[in-house]
Amino acid sequence: MTPWPRAATAAGALCAAAAGAALAQLLPATSSLRRARNRWVPGLAGVGHPGHLALTFDDGPDPASTPAFLDALDELGWRATFFMLGEMAARCPDLAAEVARRGHEVAVHGYQHANHLRRGPAWATRDLIAARHLVAQLTGAAPRWFRPPYGAISASTLVAARRAGLRSVLWTTWGRDWRREATVESVVADVMATWVAGGTVLLHDSDCTSAPGSWKTTLAALPRLAQHWQAAGLSVGPLAEHGLR
Ligand SMILES: [Zn+2]
């Protein structure tokens, strides 16, 4: 667990973090606010090296879908960051371990997929510490990052993440792949439309909180995304290699 900073430092940091969280919370509203988040809280937004793309997957591990993503990523030669749910990892501990064994970075998406705006700081702290402990225990790796479910982030979320020894990271770019109406074309178009230099891409390797079967669309979109990213000369990798400040 990360030790608490001195009180004055903590107050200042939390104030800035809360302002960043408030800004971050506005992300889904408009593209201009998303750009503001990328500019003013780039670390929280996931803006890293301009020539690097951080590829991230949320909501797994899921025996129905994650193995197919591991195979696809092997074929593409990519390593990614998997934001795991404690509830999912507890059901398939061997698969959680395999994600790390195959070279991917493991991170925390919470134990439950709950909206932090509707929970208090004590709940959030318990949830994150439990998830971090489980993911570390199952994978043998030390998670560094936390992404709150729904991107719903508050000052309490940031306090909880700090107490759990995790750094909060959202995303700059998404494929909106959780939707029932999502297609390969729409996922690719959404990713391209929201792309920024040094961006972090949000996709899902499980449909446990998405439209049933939506992961198949995400999986099918990967080779198409690879064409675009290779043409742009981007290197694809996990957040650990993204140069977040
Ligand atoms: Zn999620």
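In this predicted model, Pro 61 is in contact with a run of residues beyond its neighbours within four places in sequence: Thr 66, Met 84, Leu 85, Met 88, Ala 89, Cys 92, Leu 95, Ala 96 and Asp 205. The proline sits in the loop between E1 and H4, and at 1% relative accessibility it counts as buried. Pro 61 is also joined to Gly 60 by a cis peptide bond, with omega near 0 degrees. Phe 82 is 21 residues from Pro 61 in sequence, yet the two C-alpha atoms are 8.1 Å apart in space.

That loop between E1 and H4 also holds Asp 59, another residue with a backbone worth a look. Its phi is positive, about 85 degrees, although Asp 59 is not a glycine. Asp 59 is buried too, with a relative accessible area of 0%. Its side chain is put to use at the metal: the protein donors of the zinc ion are Asp 59 (OD), His 109 (NE2) and His 113 (NE2), at 2.1 to 2.2 Å. Along the chain these donors follow the spacing D-x49-H-x3-H. Asp 59 and His 109 thus tie together distant parts of the chain, 50 residues apart, with His 109 coming from the loop between strand E3 (105–108) and helix H7 (121–139). Like Asp 59, His 109 is buried.

On the far side of the loop comes H4, which spans residues 66–76. Its buried residues include Thr 66, Phe 69, Leu 70, Ala 72 and Leu 73. These cover an arc of only 165 degrees around the axis, so they end up on the same side of H4. The partners they pack against are E1, E2, H6, E7 and H10. Just after the helix, Gly 77 adopts a positive phi of about 75 degrees.

Now to the hydrophobic interior. The largest nonpolar core runs to 36 residues, and those with the most contacts inside it are Leu 55, Phe 57, Trp 78, Leu 203, Leu 222, Leu 225 and Trp 229. At least two residues each come from E1, H4, E2 (81–84), H6 (93–101), H7, H9 (184–193), E7 (200–204) and H10. H10 supplies the largest share, six residues. Apart from this core lies another, of 11 residues, among them Val 108, Trp 123, Phe 146 and Ala 161. Back in the largest core, Phe 57 has plenty of company: leaving out residues up to four places away in sequence, it touches Phe 69, Leu 73, Ala 80, Thr 81, Phe 82, Phe 83, Leu 203, His 204, Asp 205 and Leu 222.

H10, which covers residues 214–231, also carries Thr 218. This threonine is buried, with a relative accessible area of 1%. Its side chain makes a polar contact with the side chain of Asp 177, at 2.8 Å. Setting aside residues up to four places away in sequence, Thr 218 touches Phe 69, Asp 177, Leu 203 and His 204.

One more backbone detail concerns Tyr 150. Its phi is near 65 degrees, a positive value in a residue other than glycine. Tyr 150 belongs to the loop between strand E4 (145–146) and helix H8 (155–163). At 52% relative accessibility Tyr 150 counts as exposed, whereas Asp 59, with its own positive phi, is buried.

How values were computed
Residues numbered from 1 in each chain as written. Predicted model: local features only at pLDDT ≥ 70, side-chain atom pairs only at ≥ 80, totals over all residues. Heavy atoms only, no water. Donors = N, O, S within 2.8 Å, 3.2 Å for Na, K, Ca; no water. Helix = DSSP H or I, 4+ residues; strand = E, 2+ residues; numbered from the N terminus. Buried < 20%, exposed > 50% of the residue type's maximum accessible area, 1.4 Å probe, protein only. Polar contact = N/O pair within 3.5 Å; in protein donor to acceptor, adjacent residues only side chain to side chain. Contact = heavy atoms within 4.5 Å. Core = buried A, V, L, I, M, F, W, Y, C linked by side-chain atoms within 4.5 Å. Arc of directions from axis to C-beta.
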